Amino acid sequence: MDVIPETRYRFRIPRHGPMRVPGIVYSTRELLPEATGDKSLEQVANVATLPGIVTASYAMPDVHWGYGFPIGGVAATDVSAGGVVSPGGVGFDISCGVRLLAAQLDQDQLATALGPLMDTLGHTVPRGLRRGGTWQLADRAQLYDVLLGGARYAVEAGHGVPRDLARCEDAGQVPDAAPGRLSARAIERGLGQLGSLGSGNHFLEVQVVDEVFDEATAAVFGLHRHQVCVMIHTGSRGLGHQVCTDYVRTMDEAMSRYGIRVPDRQLACVPVNSAQGHAYLGAMAAATNFARANRQLLAETARRAFERHTGAGLELVYDVSHNLAMIESHEVDGRWRRLCVHRKGATRALPPHHPDLPADLAATGQPTLIPGTMGTSSYVLAGVTGSPAFHSTCHGAGRVRSRHAAAREVDGHRLRDDLESRGIAVRGTSWRGLAEEAPAAYKDVDAVIDAAEGAGLCRKVARLVPVGVVKG
DNA sequence: ATGTTC
C-alpha cells in the first residue's frame with residue numbers, strides 16, 4: 001500500500017484501481033496501522049470504491065481492522081448522485097456510543113463510599129452476553145414506543161429528567177425510525193435487553209477529572225478538576241446486531257440489481273434512494289433509538305447507586321454515538337449537498353456555531369467523548385472550526401491485538417490485581433473478557449488524542465482517569 | 001460488537 005506522508009498528522013493513499021477518491025489517514029508515523037501489521041488501510045482503499053463517495057475515504061488515528069469498513073473510518077456519499085448506504089459502514093453495534101455524567105461530588109468526598117458504591121453498581125448493572133436489562137417492557141407495542149422515541153420516551157416514562165434530553169445528540173431521539181423494518185428475530189432479541197451493558201469493550205466507569213486543558217469550556221460542560229464522573233459505553237445490544245446481520249444479507253442479494261460491484265462482499269451496499277436503502281435507514285434509526293434509551297436507563301441505574309451511597313446527583317454532560325450513518329448537509333466543491341455520512345468507530349464533533357448545537361453549547365462546539373481502555377485515560381474533546389472529515393474525530397484508543405491474542409497473553413486475575421493495586425476497583429463478569437480488554441491490546445490513547453488534535457479534528461478539554469470499572 | 005457457527 002502506497003501511503004504518502006503529507007504533514008506530520010496526515011497521510012494520503014493515492015487513487016489507484018477502482019478507487020473513486022483518495023484515502024486520507026489522520027495519524028502519526030508511529031500510530032499508522034502498517035506499523036502494527038494491521039490491514040485496515042487496504043479497507044480504507046476499498047471504501048474509496050463505493051458509488052457516490054465524495055472527497056475521500058477517511059481514517060481516524062485509532063483506525064484498525066473491521067468488518068468490511070475499517071473501525072475508525074468515515075465515508076460520505078452523495079444521496080442525489082447514486083450514493084450508497086452500507087451496514088458495514090455503521091457496524092454491528094448500531095449507535096454504540098458514550099454517555100458522561102458529572103457528579104456533584106469531588107474525589108476526596110468519595111473515598112470511603114467508593115467500595116460500597118462499586119458493590120452496588122456491580123450488583124445492579126446488568127451485563128454480559130445475552131443478559132436481560134433493567135426495564136422489562138410490557139410487550140412488543142412498548143418496544144415500538146422505545147424504537148420510535150429513544151431516550152425521549154424513556155424520560156417521558158419516568159426514567160430521567162427533561163434536562164437530560166438537552167444534552168443528548170439529536171435530543172435523544174432520531175426521526176424516521178421504522179420499527180416495522182425490523183425482523184421478528186431483532187424484535188425478540190431487543191425485548192428483554194433494555195438497560196443492559198453487554199460485553200466486549202463496553203463498560204460503566206466511575207472516573208475522576210484528572211486534568212483540565214480548557215477551564216472555560218470545561219465549566220460550560222459542567223466539569224472541573226478532581227470532580228467525580230460516570231462514563232457509560234454501550235449500544236443497541238442484540239437488536240442492533242440482528243439489524244446489521246439482516247441487512248448485510250439483504251444488500252448482498254440486491255446489490256447486483258443496481259449494477260454495484262465492490263472489492264469485498266462485506267462492503268455490501270445499495271443506493272440510499274432505493275427500497276432496501278430506505279428500509280435499512282429506517283431499521284437503523286429504530287436501533288439507534290434503542291441504544292439511546294439503553295444509555296438513558298443505565299444512567300438511571302448509576303444515579304440510584306450514587307444517591308444511595310453519596311447522596312450526590314449526576315448531571316448529564318453529553319451522550320454521543322460513534323457507529324452511525326446520518327443524512328447531513330455539507331459543502332463539497334463549493335456546493336451544498338445531502339450526504340449519507342458513515343461514521344464507524346468515529347465520533348461526530350460539531351464545530352462552534354453549528355446549527356445542530358443547542359444554544360448554550362454554540363460557543364464551545366460539541367462535547368465529544370472518547371473512552372480509553374481499562375485503567376487508562378478517557379477524554380472530553382470539543383469540535384473545532386474548519387475540521388475536515390465532515391466534522392469527525394476518533395472514538396477510542398483503537399485495538400492493536402486481537403481478542404484471541406490478548407486472551408492468550410494476558411492473565412485476567414493478574415490484570416484485576418494490577419488495577420486494584422493502582423486504586424482502581426474492578427467488578428467484572430468473566431476473566432477471559434477482562435483479559436481481552438487489557439490495555440496492552442490497545443494503542444496509547446494519549447498518543448491517539450494528540451494525533452487527533454494535531455490533525456485539526458478536535459481539541460482537548462479534559463482528561464478523566466478511572467477509579468472503578470464495571471465490565472461486561 | 002454478538003444467542004462468538006447458516
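At 8% relative accessibility, H202 counts as buried, because the cut-off for that label is under 20% relative accessible area. Let's use this histidine as our way into the structure, bearing in mind that the model is predicted. H202 sits in a loop, with helix 6 (184-191) on one side and strand 8 (203-212) on the other. Setting aside neighbours within four places in sequence, the residues in contact with H202 are D93, C96, L197, H233, T234, G235, K471 and G472.

One name in that list deserves a closer look: D93, which H202 contacts. An unreviewed UniProt entry lists D93 and H202 under "binding site". They are spread over 110 residues of sequence, yet they cluster in space, with a largest C-alpha distance of 10.8 Å. Both D93 and H202 also belong to the lining of the largest pocket.

Now turn to D93 itself. You will find D93 in the loop that runs between strand 6 (84-85) and strand 7 (97-106). Its relative accessible area is 16%, so D93 is buried too. Beyond residues up to four places away in sequence, D93 touches H202, T234, G235, S236, R237 and N323. If you compare the two contact lists, T234 and G235 turn up in that of D93 and again in that of H202.

From here, move along to H395, which the unreviewed UniProt entry gives as "active site". H395 is placed in the loop between strand 17 (392-393) and helix 10 (403-409). Is H395 buried or exposed? With a relative accessible area of 10%, H395 is buried. Around it, again leaving out residues up to four places away in sequence, are D62, H64, I71, H322, G345, A346, T347, I370 and P371, each touched by H395. Among these, D62 is worth picking out on your screen, since its side chain is joined to that of H395 by a polar contact of 2.5 Å.

Finally, let's visit a helix. Helix 3 covers residues 114-124, and its buried residues are L114, L117, M118, T120, L121 and G122. What do these buried residues pack against? Their partners are helix 2 (107-110), strand 8, helix 9 (275-309), strand 18 (425-427) and strand 19 (459-471). Two of these elements lead back to where we began: strand 8 is one of the elements flanking the loop of H202, and K471, a contact of H202, falls within the range of strand 19 (459-471).

Technical notes. Residues are numbered from 1 along each chain as its sequence is written. Chains are lettered from A and ligands numbered from 1 in the order in which they are written. This is a predicted model: local features need pLDDT of at least 70, side-chain atom pairs count only at pLDDT 80 or more; totals for chains, interfaces and linings use all residues. Side-chain values use heavy atoms; hydrogens and water are left out. UniProt positions are given in the numbering used here, feature names are shortened, and annotations may be inferred rather than shown by experiment. Helices (H or I, at least four residues) and strands (E, at least two) are DSSP runs, numbered from the N terminus. Buried means under 20% relative accessible area, exposed over 50%, partly exposed in between (1.4 Å probe, protein chains only). Contact means heavy atoms within 4.5 Å. A polar contact is a pair of N or O atoms within 3.5 Å; within protein, one must be able to donate a hydrogen and the other to accept it, and residues adjacent in sequence count only if both atoms are side-chain atoms. On a 1 Å grid over the protein atoms alone, a cavity is a set of points where a 1.4 Å probe fits but cannot get out, and a pocket is an open set with protein on both sides within 12 Å along at least five of seven lines; lining residues have an atom within 4 Å of a point.
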